[in-house]
Amino acid sequence: MIAKLFKGIWHALNFSRRLVVNFVFVALIVVFIAAIMSSEEEILVPQDSVLRLNLSGVLVEQLTYVDPLDAALTDAMGSKDMPTEILVDDVVKVVNAAAQDARIRAITLDLRHLHHGHLDKLRDITNALEAFKETGKPVYAHSPYFTQTQYYLAASANEISMHPYGAVSLSGFGTYPMYFKDALDKLKITQHIFRVGTYKSAVEPFIRNDMSEAAKEANKLWLDSLWAQYKEDVSAKRPFDMQNFDETLSQLSDKMETVSGDSGQFALKYGWVDKLETDQEFNSKIVNLVGKQNNGSEYKQVKYSDYLTSISGFKNFPNPISDKVAIVVAKGHIVDGKQKAGVIGGDSTAALLRKARLDDKVKAVVLRIDSGGGSMFASEKIRNEVLAIKAAGKPIVASMGSVAASGGYWIAASANEIWASPSTITGSIGIFGTIFTFENSLKELGVYSDGVATTELKSSSVSRGLDPEYADIIQMSIEDAYDKFLSMISESRNLTKDAVNEVAQGRVWLAPQALEFGLIDKLGSKQQAIEAAASLASLEHYDVITVEQTLSEKELLMQQIFGAQIVQSFLENEVQSTDPLQVITKQGVNQLFEQVQKSAKMIELYNDPNSIYSVCTMCNVAQ
């Protein structure tokens, strides 16, 4: 009987194994055939057609690496639950190409699936749209509604139209974190907080129930500046001034009362849109401009992704004899070791800089940064390679994107020049560390820890607590790291240590304020930073290349087989309950445990051998 039982179990396991293997094999065959069929389809751009800029996802500086096989399987399964990433440079390239393409008569902005993008990324695209319009070709924007991100791009259109039942949602920028001190006290979790800097508010949610006045002051300053930039940019393109923006509920209420609460009429009356029309009416209008598609009633068009593929059909091989300005992109959290694109690895990003340094044809380097910081150790490894490039006689310019704060500023500080967009969030020069211990929580459950060790150093743990002397040692390390941070900036930026300390303290600044303090050198785009690097190297004729990680043989094979796009997906937190109280409670509890888990696993998350971090946690609120 026992033998039969085990034999039956073995057959069941063997059957399951074969079933899974066969399923994967069939899935691979389906994907492979689909890839071959799709590769044979020729993308045609009709004469006198419209470029439909149907952007779907999140605007980013660099696409996050995803395993090609995973990406191919996701495409094959038709999974569209998560927003993908849109490379800003691709959008700009598409718009610029369309401006010179005689086949393209106009652009329509279909932005309903555009999730968000920082102001500097939106500004790059609107600059391309403005250049497109200068060729005499019109831009039309139409949507059922417009979010704040979507409207910024739509404002560049010659005409904005919206569904009569739609709305324009502009609410400004803000930050309202959750605070957990009382909850942690009730759970009897002991907090050990180590930080330097009056404004280093990353740890405030654990030690307070509200935002400190210092944090409110700092955050209000840069949020107001960012909002002012948004209003200035939009009002410059629309027929109204900055006073048209609603900033109080009473102001909005009074205006809504004049149109009996009709959001569509509100947008039309106050100049946010030029016309109210349905999708069918908009389609008919564009059909009258360019005609119909051959296979239907829609206007003659080529979609964004198809047009991008058509203009990227031939791989551009670098000129082997020309001088180069090399771009190295540093996007994401800064962690130790080797990391894939989308995360800044101390070793991997330093390796990219080293590759540019050792290339004789590379005469200058641009380090493009989009990071809120991370590991101090990894940041220093990257900065060491920046210094090595300078020592090799090659100028290096740091170009800040949306965010270059904390560790993101660390890796920029020693460049020959630092350029930043007017909307770049930077600064946050400070250090912190957190350790949560659960000795009191465990005691409530009747769980205790006891034993012996060879040294007093071994006696502290998350289950036993932290000895006060051990805490003092950690605080000394934090203060020493902060002092190193100040000294490095003082030396790199030719500022006094006191002057750096005065604008440091963990405080976040927008680039215009950072320029006043000497933390950066110039306000400008990535292209201007490239031109500055070329000028420092005395280059008149040069090519621009991007130094990227080399894929492994396996990754290259998978990419060649499946033609997978490297995309990024990130989780959307959806609360199923419709009860507002349950929603708020569930969100609060989830955020609490997420914050506790992140803090408890800080070493694992950032992989910093010294467990010292320079992170800006407020830098993502303005997305």
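Two strands are taken to pair if DSSP finds at least two bridges between them, a criterion that applies throughout these close-up views of a predicted model.

**View A. Pairing of strand S7 with strand S9.** Strand S7, covering residues 159-162, is joined to S9 by two bridges, and these strands run parallel. Within this pairing, serine 161 stands opposite lysine 275 of S9.

**View B. The open sheet and its edges.** The sheet is open and is formed by six strands in the order S9-S7-S6-S4-S1-S10, with parallel pairing. Strand S9 (275-276) and strand S10 (301-303) each have a single partner strand and stand at the edges, so one side of each is left without a neighbour in the sheet.

**View C. Helices H4 and H12 on the sheet.** Helix H4 packs on the sheet, where it touches strand S1 (49-54), strand S4 (104-110) and strand S6 (139-143), and the direction of H4 makes about 150° with that of S4. Helix H12, which spans residues 304-311, also packs on the sheet, touching S1, S4 and S10, and the direction of H12 makes about 80° with that of S10.

**View D. Packing of helix H3 with helix H4.** The axes of H3 (residues 88-100) and H4 (residues 119-133) come within 9 Å and cross at roughly 5°, and because angles under 35 degrees count as roughly parallel, H3 is described as roughly parallel to H4. On the H3 side, the contact is made by Val88, Val91, Val92, Val95, Asn96, Ala98 and Ala99, which meet Lys121, Asp124, Ile125, Ala128, Leu129 and Phe132 of H4. The residues of this contact divide into ten nonpolar, one polar and two charged.

Definitions and conventions. Residues are numbered from 1 along each chain as its sequence is written. This is a predicted model: local features need pLDDT of at least 70, side-chain atom pairs count only at pLDDT 80 or more; totals for chains, interfaces and linings use all residues. Side-chain values use heavy atoms; hydrogens and water are left out. Axes are lines fitted to C-alpha atoms, for helices over the stretch in contact, and angles run from 0 to 180 degrees between N-to-C directions. Helices (H or I, at least four residues) and strands (E, at least two) are DSSP runs, numbered from the N terminus. Angles under 35 degrees count as roughly parallel, over 145 as roughly antiparallel, 65 to 115 as roughly perpendicular and the rest as oblique. Contact means heavy atoms within 4.5 Å. Ala, Val, Leu, Ile, Met, Phe, Trp, Tyr, Cys and Pro count as nonpolar, Asp, Glu, Lys and Arg as charged, and the others, Gly among them, as polar.
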